[in-house]
Amino acid sequence: MTMRDENFATEETRFMRRALRLAERGRGMAHPNPLVGAVLVKGGKVLGEGWHRGPGKEHAEVLALREAGRSARGATLYVTLEPCNHEGNTPPCTQAILRAGIKRVVFATRDPNPRVKGKGAEFLRGRGVRVEWGLLEEQARLLNQDWEKFIVTGLPFVTLKVGMTADGKIATRTGKSRWITGEKARRRVHAMRRAADAVMTGIGTVMSDDPELTVREVPLRGAQNPLRVLLDSRLRIPLASRLAEGRPPTVVITTRRHDPAKAERLRERGVRVVAVGSSKGRVDVGEALKLLGEEGVVDLLVEAGATLNAALVESGLADRLVLFVAPRVFGGSGSPAWMGGEGIEDLADSFDFAWHKAERVGDDLMLVAHKRKG
């Protein structure tokens, strides 16, 4: 049964908010699985809690049931995502719910996978469990927006991270860019890397900045360094660059016009080199994302320059903008902005995003916007 937020009691909203906070703890560890949190309640008292920690590990519902033990019988389970009813690396959660004698299940949002959507709820209802959903659905879908896109389209969820001045510049007219933003903003970026499956950049950024694209300023906390991805249409990557070292795992996506001898030298260093189709003489970003999706990349963080940023925005493949804005101004038409491309002629042709959050991070502002649907 679908219900709106106002149809649930205030106390129930509090329990679901708790489940959402628990789910967030799995960020950076749960991929390629969704973030899920669960809270088990009886008589207004929390009996057990759980959150998903990663592939092959027990799901949030099972952990909450285990913590509650025999007292779970007759309780209500609040969970952020529809309980699974299929066999994967772990048994179906619906079976555990039945064995525990749960009376009622409230979940925030249905599983977006067309092959399984609604089947968990249907299974439980058919066996006498009262099932309701829709409580804090918007927040739950936002929590797993990356996973939802991946499940439905097979493509990674793309976040563009930009560090810029108040006038939108990412470097001075002479190309200097370190550091535009402050230390706290840079730590936040490293936390974003930790939560991503892969970090992608373009050859222009490698030539100018020689980035490392690893997690350094925050602890990994059980996560791994993300896959490093470089788009380089003609294999101009210097062999002395950090990305040419091949560790952590690194893939260079190029076109069929690349130099085979250079590719072999990179492979000898442990770097994967993969050729895809081209568009306007550059790597086709759509094909690059399809390749990454096929390799299980759900969450893709892009730290690049104006050319790659423009290609992703103009193709409709950029899902989220995270803009770190420093309180300084560079000025000058020769100072590069964060997005290039040809630009639009009419306002009606703009690439529209919706503001989601504004937060002060040290001396800088972090502005987050999501691509508008439709």
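This is a short tour of one protein chain, moving from the whole chain to a single residue.

Begin with the whole chain selected, and keep in mind that what you see is a predicted model. In a cartoon view, the protein chain shows eleven helices and 16 strands. If you turn the C-alpha trace along its principal axes, the protein chain spans about 65 × 45 × 40 Å. The radius of gyration of the protein chain is 23 Å, which agrees with the value near 21 Å that a compact globule would have with 374 residues.

Next, switch to a surface view, where the protein chain exposes about 18300 Å², with carbon and sulfur atoms supplying 48% of that area. Then hide the surface again to look at the interior: of the 374 residues in the protein chain, buried residues make up 53%. Among the contacts in the protein chain with a separation of 6 or more, 70% are accounted for by residues 24 or more positions apart.

Now colour the charges of the protein chain, which are 61 positive and 46 negative, and whose mean positions lie 4 Å apart.

For the last stop, select Arg 267, which you will find in helix α9, covering residues 260-268. Is Arg 267 buried, partly exposed or exposed? Arg 267 has a relative accessibility of 40% and therefore counts as partly exposed, since that class lies between under 20% for buried and over 50% for exposed. Finally, add Cys 93 to the selection and draw a distance between the two C-alpha atoms: Arg 267 and Cys 93 are 174 residues apart along the chain, and their C-alpha atoms are separated by 43 Å.

Note on methods: Residues numbered from 1 in each chain as written. Predicted model: local features only at pLDDT ≥ 70, side-chain atom pairs only at ≥ 80, totals over all residues. Heavy atoms only, no water. Helix = DSSP H or I, 4+ residues; strand = E, 2+ residues; numbered from the N terminus. Rg over C-alpha atoms; globule rule 2.2 N^0.38 Å. Buried < 20%, exposed > 50% of the residue type's maximum accessible area, 1.4 Å probe, protein only. Contact = heavy atoms within 4.5 Å. Areas by Shrake-Rupley, 256 points an atom, 1.4 Å probe, with all protein chains shown as cover. Lys, Arg positive; Asp, Glu negative; His and termini not counted. Charge placed at Lys NZ, Arg CZ, Asp CG, Glu CD.
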